[in-house]
Each structure stands twice: as structure tokens, then as C-alpha cells.
There are 2 protein chains.
Amino acid sequence: MDLYDQHSGKLFIISGPSGAGKGTICKGLLEDCDPDRMSLSISMTTRQPRKGEIDGESYYFATKEKFQATIEEDGFLEHAEVYGNCYGTPKAKVLEKLQQGIDVVLEIDIQGALNVKNAYPNGIFIFILPPSMAELRKRITGRGTDSREAINMRLSQTLKEISYIDKYDYVVVNGELSEAVDRVKAIVTAEHSRVSKNIYKLIDKYKEEI
Amino acid sequence: MDLYDQHSGKLFIISGPSGAGKGTICKGLLEDCDPDRMSLSISMTTRQPRKGEIDGESYYFATKEKFQATIEEDGFLEHAEVYGNCYGTPKAKVLEKLQQGIDVVLEIDIQGALNVKNAYPNGIFIFILPPSMAELRKRITGRGTDSREAINMRLSQTLKEISYIDKYDYVVVNGELSEAVDRVKAIVTAEHSRVSKNIYKLIDKYKEEI
């Protein structure tokens, strides 16, 4: 009997400011991962797809009407408006996976993460920080989708958002990507090593053996 | 500025029943480790040295009189009597290292760990379990220092002790040693990734940059 296989799924919230590298960290985390152990939550959004983004993989792209209907059905774990677009986490899919013992990784902006914390306080909240504001500016500029004014607004917003870091459990600075991914993997391993109810199954077995 | 270098030292308590492999796990943990980052706490004991044990490395071997004097000086973080021998953790050395930002690893029996928890609740308490009672019997027998009767007494004691596992933060099953060591390393990494006061130093630096 493997104690660590007996776990119930855990919800890992990978969050942080735009440009910190949440997405690449999630990709690295899930790359070598057994899909029966860990799975990425896919958000619904009303924003337009960026180049290369595929519906049902990157996001569920939805109209504002569809999004509103899902809110009314109480179908989101959280939903929020960011820069004029709506983002939401479909509730049923996340809970179903957790019940099957599969970890769910949720990549989400800070406002969304705080809402998830209200709805699901048992989640493990990981804040991804850029190594510096200069590096963050470089990354956002390099993306090429935003004006200089928009970038400055975003950096000021980032500083405000970072003050919510004390609501999180862990912080990972994303300087060297592979190190950041390894750190998140260590957090996942540690969280699955926590003393939990599962341990009593193992102890019962020990009692039978003696 | 490396956030993770700015940490204050943490006390990791590696504990569990006799024969679970606490010692070999500690050895593995410290093997590749910078002594400026992590250091093993050396206990004082009144028990006789086993073959190969060196005073000041394995333990500080002491007379009952010396041990009693240290108790009276309030010189222990914890002390306890186990199987007729006294064990204690010299307080000053542990606290000094923590203040220098060095992690301290404390290998200790369960009774001792519970006492440390009272004295130092900020410690990180890791319970090492053998993979089975059959395997534990094999390990204790192989050590060759105890009679069959003593072994049976010890296994019954072990079952009682395991019930204290809910006082611990983490549990690591020591089946495959290298896996167990990696799991403890992951716990150390995760604990140093916790959101703490150090993060505000980094955020202040971000504010200056923008």
C-alpha cells in the first residue's frame, strides 16, 4: 500500500501578476506528469483568443451571454473581470477531478485566486513573482500586445496586487524557469506528505501485522 | 537579491520509531548540503556508545552527573529518558545556528519530539514511518543488539508511539531510502518557499524600481 497514492486530489492555485510566468510554470509542472495524478483546470473567458490559443485547451472561449448564463447557473468556482474581459473557473470539472484523487492546477490572476480562496480555502495558494520589476517590464514589452501606457498601468497594478501575497501559502520567484518549476514540484510533494486522515489506514494495517 | 537566501534558519525535527531509519535519512539529507545552510543537532546522551559511534559526532556521551547538571542549568531544548538512558538536545547550539540563518536538523525519538514541540512550536515535525511492521522487525533484528523479548516490547511500543503522528506536520514512509530522502528535501524546499516576513524586503525593492 502506497500512502502517497491514497491521497485525495489537491487544488494548487498558481497565481501572480501578468508576466510573472504562471503559464510556463504550469506547463513545466504538467509536462512529465501522469494525467491520472495531475490535471490543468481550463478557464472560461470572454476575451479574444491570442495567436496559437486553441478553444478547449488554452481556454474555453465564450460569448458574454454564455458566460453570464454560467454565472446564473452557479457554475463557477470563481469569476472575475480583468481589463474588461471575463474569466471564470468551471466548478464541476474541478471538484470532479479532486474527488477522483487527481490534483488540479489552476493558473489564475490574483483577483481570481482571492475569490477561489473564499470558495475553496483548502486549496494551496502559490504566488509566482518575477525576479524584478525591470524583468517584468521586459517580459510584458516583449509580448508585444500592449501599448507603453498600458504597460505602465499594468506595472502599477502589479505593485498593488503583490500586497495580497500574504493571503498565499507559498511564494516562488520565477527567475530561472527550471528552478521555479522544481520548487513548485517540491511544494506539491511536500503537500502530499502532510499528515492527513489517510495515515490512519496505514496504521490500521500495521496493527494487523503485529 | 535571492529571496530564499534571506531566510532565517528553520528547525526540522526528523522523528519516528526506533528502526524507521531516522539516522540514515538525516545522513542523506545532510550529505550534499552546504554546512552554512544546514547542520545536524548533536544530542547529549548517557547511553553507552555503540560500535563506530564517536563522541561529539554521533552524540555527546555524558555521565549521569554531567547530564543532570545540564538539566539544572536549563541547558536542554528537551530531554527524556528512553529505555533507561537519558537523551537531551543542548539548547544554546540549536538557537545560535537558527539565529545565524542555518537550518538545524534534529534526529530524535517520539517522546523527545513532543517535548521539542512544546518548547519550539515553530519547528517542522516530520514523522518517519517504516514501510511495514514486518520490515521494522527485520531491521531491528538485523541490528543484533536486542533480545527477541526486547524486540517484541519495542514493536508494541512503536504502535503506541505511532498514535502521536497527528502532532506532526509531515509523514515520510522510509521504504526506498533515496525516495524518502528526496521527499524530506522537498519538504525543506517547500518550507523555505512559505510566504514570510522576508518577502516584504523584496517587495520594497520592487517599489524602488518602478
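Begin by displaying both chains of this predicted model: 38 residues of chain B are in contact with 38 residues of chain A. The two chains bury about 3400 Å² between them, and carbon and sulfur atoms give 69% of that area.

Next, select the side of chain B that touches chain A. At least two residues of this side come from each of helix 5 (133–143), helix 6, strand 9 (170–173), helix 7 and helix 8 of chain B. Helix 8 of chain B supplies the largest share, 7 residues. Colouring this side by class shows 26 nonpolar, 5 polar and 7 charged residues. For the polar component of the interface, 11 residue pairs are in polar contact between chain B and chain A, both residues being at pLDDT 80 or more. The rule finds 0 salt bridges across this interface.

Now centre the view on Ile162(B), in helix 6 (residues 148–162) of chain B. Is this residue buried or exposed? Ile162(B) counts as buried because its relative accessibility is 0%, and the cut-off for buried is under 20%. Beyond residues up to four places away in sequence, Ile162(B) touches Ile203(A) and Tyr206(A) in chain A, together with Phe127(B) and Leu129(B) in chain B. Add Pro17(B) to the selection: its C-alpha lies 7.5 Å from that of Ile162(B), although 145 residues separate the two in sequence.

Finally, move to His192(B), in the loop between helix 7 (177–191) and helix 8 (198–209) of chain B. His192(B) is buried, with a relative accessible area of 13%. Which side chain does His192(B) meet in a polar contact? Select Asp103(B): the side chains of His192(B) and Asp103(B) are joined by a polar contact of 2.7 Å.

Note on methods
Residues numbered from 1 in each chain as written. Chains lettered and ligands numbered in written order. Predicted model: local features only at pLDDT ≥ 70, side-chain atom pairs only at ≥ 80, totals over all residues. Heavy atoms only, no water. Helix = DSSP H or I, 4+ residues; strand = E, 2+ residues; numbered from the N terminus. Buried < 20%, exposed > 50% of the residue type's maximum accessible area, 1.4 Å probe, protein only. Contact = heavy atoms within 4.5 Å. Polar contact = N/O pair within 3.5 Å; in protein donor to acceptor, adjacent residues only side chain to side chain. Buried area = accessible area lost by both parts, 1.4 Å probe. Salt bridge = Lys/Arg side-chain N within 4 Å of Asp/Glu carboxyl O. Nonpolar A, V, L, I, M, F, W, Y, C, P; charged D, E, K, R; others polar.
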